[in-house]
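This briefing covers side-chain features of a protein chain, grouped by topic. Please read it alongside the structure shown below.

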Amino acid sequence: MRHLLISAALLTVPTLASAQDSIFDIPEEEQLTFADLGIAAVTRETYVGSEESDLSVLPYINAQYKGRFFANPALGAGAYAIRNETFRLGGSVHYSLGRDGEDTPLLDEAFDIDGGFAGLISSRLYTPIAAIDVVANVPLSGDLDGYRIDTLVTTQFFPIENLRINPGVRATYHSGDYLDSLYGINDAQLAATTLPAGSPVTTLDFGSEVSTLGAHMAAYLDINDDFQLIGIVNYSRLVGDVEDTTLAPKKDGITAALGLARTF
């Protein structure tokens with residue numbers, strides 16, 4: 001079965017095939033073409049640290065063309081420059097959801113964040129015990145500024161036939177500008193609302209730091225040759241200076257998804 005959402009497969013480390021002329025060539029065994037289409041229900045806090053949550057029903061697309069071009073929920077749509085049994089390097093464009101100011105503790109539209117597209121550079125290294133992903137994310141439109149870098153370590157096991165479970169951990173490094181746009185309060189916002197007494201963060205003063213740690217687990221149950229049931233749970237915890245922001249009273253958040261996909 002193929003990788004879905006944020007899963008990473010567990011593979012032993014092989015040598016490159018001698019018939020491969022360049023590291024940019026995709027080996028024949030990796031030149032897969034497929035499309036997994038379905039629907040997923042997703043529940044999540046509207047942003048990490050929010051006390052508000054929502055439930056969305058979204059289309060699910062996980063597709064690939066000859067191992068080079070791809071579209072999936074984790075990375076968006078893009079292409080691999082390098083793809084083999086040991087290492088992947090790709091670029092893609094992904095849409096990031098925004099935030100409704102009414103979902104913040106200050107309940108003011110001044111804190112709305114428009115969603116937008118982001119450019120991603122992603123890499124994956126397979127080891128005998130886990131896959132290591134590093135994904136750099138730079139907003140291209142919308143209200144988020146700066147950049148973020150996610151590092152994930154994910155392994156895999158099969159508790160029963162037809163069931164694959166991928167647990168892992170994650171750390172996210174945010175630039176100061178990214179944290180300021182999501183968790184800081186600028187002068188215009190400060191003038192538009194009244195902060196609670198004793199609010200610890202009222203200006204844009206965050207430094208770049210590892211600001212989020214998390215754990216995730218994905219489960220994939222093959223119903224038959226055509227259909228697969230997918231379950232995802234992702235926990236995130238704010239750490240560092242961003243913990244003290246007025247805009248994150250809860251300090252953590254959980255995203256859970258349940259989906260059904262058909263392979264074409």
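Strand E5 (87-96) and strand E11 (209-222) each contribute at least two residues to a nonpolar patch. The patch lies on the surface and covers about 900 Å². The model is predicted. Aromatic pairs and charges placed over rings are listed after the patch.

**Nonpolar surface patch**

- The residues that make the patch are Val93, Tyr95, Leu97, Phe117, Val138, Leu140, Tyr147, Tyr173, Val210 and Leu213.
- One of these residues, Val138, belongs to strand E7, which spans residues 131-139.
- Val138 has a relative accessible area of 39% and is therefore partly exposed, since that class lies between the buried limit of under 20% and the exposed limit of over 50%.

**Aromatic pairs**

- Four aromatic pairs are found when the whole structure is searched.
- One of them is the tilted pair of Phe70 and Tyr80, with 35° between the planes and 4.6 Å centre to centre.
- Phe70 is in strand E3 (residues 69-72) and Tyr80 is in strand E4 (residues 76-83), so this pair ties together parts that are ten residues apart in sequence.
- Phe70 and Tyr80 are both buried.

**Charges over rings**

- Arg99 is placed over the face of Tyr47, 4.9 Å from the ring centre.
- Arg262 has its charged end over the ring of Phe264, at 4.7 Å from the centre of that ring.

Note on methods
Residues are numbered from 1 along each chain as its sequence is written. This is a predicted model: local features need pLDDT of at least 70, side-chain atom pairs count only at pLDDT 80 or more; totals for chains, interfaces and linings use all residues. Side-chain values use heavy atoms; hydrogens and water are left out. Patches are made of residues with over 30% relative accessible area and no salt bridge: like charges are joined within 9 Å, nonpolar side chains (Val, Leu, Ile, Met, Phe, Trp, Tyr) within 5 Å. Accessible areas come from the Shrake-Rupley method with a 1.4 Å probe; for residues, only the protein chains shown count as cover. A salt bridge is a side-chain nitrogen of Lys or Arg within 4 Å of a carboxyl oxygen of Asp or Glu. Helices (H or I, at least four residues) and strands (E, at least two) are DSSP runs, numbered from the N terminus. Buried means under 20% relative accessible area, exposed over 50%, partly exposed in between (1.4 Å probe, protein chains only). Rings of Phe, Tyr and Trp (its six-membered ring) pair if their centres lie within 6.5 Å; planes under 30 degrees apart count as stacked, over 60 as edge-to-face and the rest as tilted. A charge sits over a ring if NZ of Lys or CZ of Arg is within 6 Å of the ring centre and within 35 degrees of the ring normal.
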